[in-house]
Amino acid sequence: MEFGVFDHLDRDDQALGDYYRSRLQIIEAYDRLGFYAYHVAEHHATPLGMAPSPSVFLAAVAQRTRRLRFGPLVYALPLYHPLRMIEEICMLDQMSGGRLEIGFGRGSSPSELIYYGQDPDKAQRVYAEALELVVKGLSQRSLTFHGEFFHFDDVPMELEPFQKPHPPIWYGVHAPDSAARAARKGLQVVSLDPPGETCTAFDSFRAAWREARGAATLPLMGLGRFIVVAETDAMALAIARRAYPRWHASFTHLRRKHNRINAHPRPPAFEALAEVGQGVAGAPDTVAAVLRRQIAVTGSNYLVGQFVFGDLSLDEALGSIELFARQVMPQLAGL
């Protein structure tokens with residue numbers, strides 16, 4: 001069992017400079033406490049994401065950490081020129097000594113794509129073509145490619161990644177068919193869905209993996225959860241109940257502004273989130289018991305916590321992370 005972090009970098013009341021300094025201090029704690037990887041979301045023109053350029057933020061992470069792996073979950077590929085994407089990945093992987101983990105997607109918010117002049121109806125096709133192109137460019141010295149959206153002839157690939165043939169690739173899964181496709185491509189996956197949906201997706205992933213790769217060891221299959229740990233259940237629940245609605249307001253900001261439906265909705269109150277299994281708040285033993293049950297049900301081998309959200313203070317976040325690392329991780333490490 002490995003332990004990682006998922007982070008939206010959603011807005012709070014700090015000045016932006018203070019906000020980034022606080023978040024980097026928290027990421028240093030993840031590194032010090034033995035977390036495997038830090039995954040950051042990409043969002044634009046919304047308080048949900050203060051890292052609209054994941055590569056810029058992750059360059060700072062690379063310099064502030066020594067062991068922690070890190071990467072985007074995900075780069076919204078329709079918003080990137082593939083050649084620039086290849087170059088940024090190579091730089092980050094080299095600057096970190098091979099600690100980059102890369103995730104790609106089509107972009108979960110149509111409004112964000114429209115702001116950039118992209119057509120959401122074409123996003124899946126652009127994503128699929130760009131992903132093929134980026135993977136090819138990371139492992140070749142010269143790039144020739146002709147597709148629906150991109151055309152290149154003999155472009156020199158002067159940069160190369162530290163990890164060969166390329167850094168590990170991640171995919172966020174929701175449905176059984178997408179999970180099966182990810183398994184056939186050899187990707188690592190994360191699910192943020194409730195246990196039932198996650199179990200269905202992971203069952204499909206394992207079946208497709210066995211069919212394609214036989215007895216080869218399964219890759220990391222991540223279970224993403226909001227997590228708050230405090231000395232008592234009451235203290236943790238009080239923090240989660242206060243902080244989560246602020247995150248939810250950011251999460252639904254563009255949906256409300258443009259009267260759209262969120263692709264993957266979340267309940268508006270933390271109690272409801274916990275009831276459906278997407279969040280847990282409590283003392284260390286309480287949190288460990290809840291997560292142990294979910295790990296057993298889903299067969300996950302990678303627990304990905306969203307520890308900082310809404311208006312959690314720096315002290316609250318660091319205290320929660322410390323308790324999780326010292327008292328929860330040891331209870332789950334052998335699963």
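# Strands, helices and cores

Biologist: How do the side chains along strand E6 (residues 142-146) point, and which of them are buried?

Modeller: They alternate along E6, with Leu143 and Phe145 pointing to one face and buried, while Ser142, Thr144 and His146 point to the other and are not. Buried here means under 20% relative accessible area, exposed over 50% and partly exposed in between (1.4 Å probe, protein chains only). This is a predicted model, in which local features need pLDDT of at least 70 and side-chain atom pairs count only at pLDDT 80 or more, while totals for chains, interfaces and linings use all residues. Residues are numbered from 1 along each chain as its sequence is written, and side-chain values use heavy atoms, with hydrogens and water left out.

Biologist: What joins E6 to strand E7 (residues 151-156)?

Modeller: Four bridges join E6 to E7, and the two run antiparallel; since strands pair if DSSP finds at least two bridges between them, E6 and E7 count as paired. Phe145 stands opposite Phe152 in E7, and the two strands form a hairpin with four residues between them. Strands (E, at least two residues) and helices (H or I, at least four) are DSSP runs, numbered from the N terminus.

Biologist: Why is strand E1 (residues 2-7) called largely enclosed by the rest of the structure?

Modeller: Five of its six residues are buried, so the description follows. E1 is joined to strand E12 by four bridges in the parallel sense, with Leu303 as the bridge partner of Phe3, and E1 also pairs in parallel with strand E2 (residues 37-40) over four bridges, where Val40 is the bridge partner of Asp7. From E1 the chain crosses through helix H1 (residues 16-32) to E2 in a right-handed β-α-β crossover, a term that applies if, with the strands pointing away from the viewer, the path from the first strand over the helix to the second runs clockwise.

Biologist: What makes Ile169 of strand E8 (residues 169-172) count as buried or exposed?

Modeller: Its relative accessibility is 9%, and therefore Ile169 counts as buried. Leaving aside residues up to four places away in sequence, Ile169 touches Ile102, Phe104, Val135, Leu187 and Gln188, where contact means heavy atoms within 4.5 Å.

Biologist: How do you know whether the length of helix H8 (residues 233-251) agrees with its expected span?

Modeller: The expected span is 1.5 Å times one less than the number of residues, so the 19 residues of H8 should span 27 Å, and the end C-alpha atoms, 26 Å apart, agree with that. A kink of about 25° nevertheless lies at Ala243, shortly before Pro245, the bend being the angle between axes fitted to the seven residues ending at a position and the seven starting there. Among the buried residues of H8 are Ala243, Tyr244 and Trp247, and the buried residues of this helix pack against several elements, including strand E10 (221-229) and helix H12 (314-332).

Biologist: What makes a set of residues a nonpolar core, and how many residues has the largest one?

Modeller: A nonpolar core consists of buried Ala, Val, Leu, Ile, Met, Phe, Trp, Tyr and Cys residues joined through side-chain atoms within 4.5 Å. The largest has 99 residues, and those with the most contacts inside it include Tyr30, Phe35, Phe307 and Phe324. Apart from it lies another core, of 10 residues, among them Phe6, Ala41, Trp170 and Val190.
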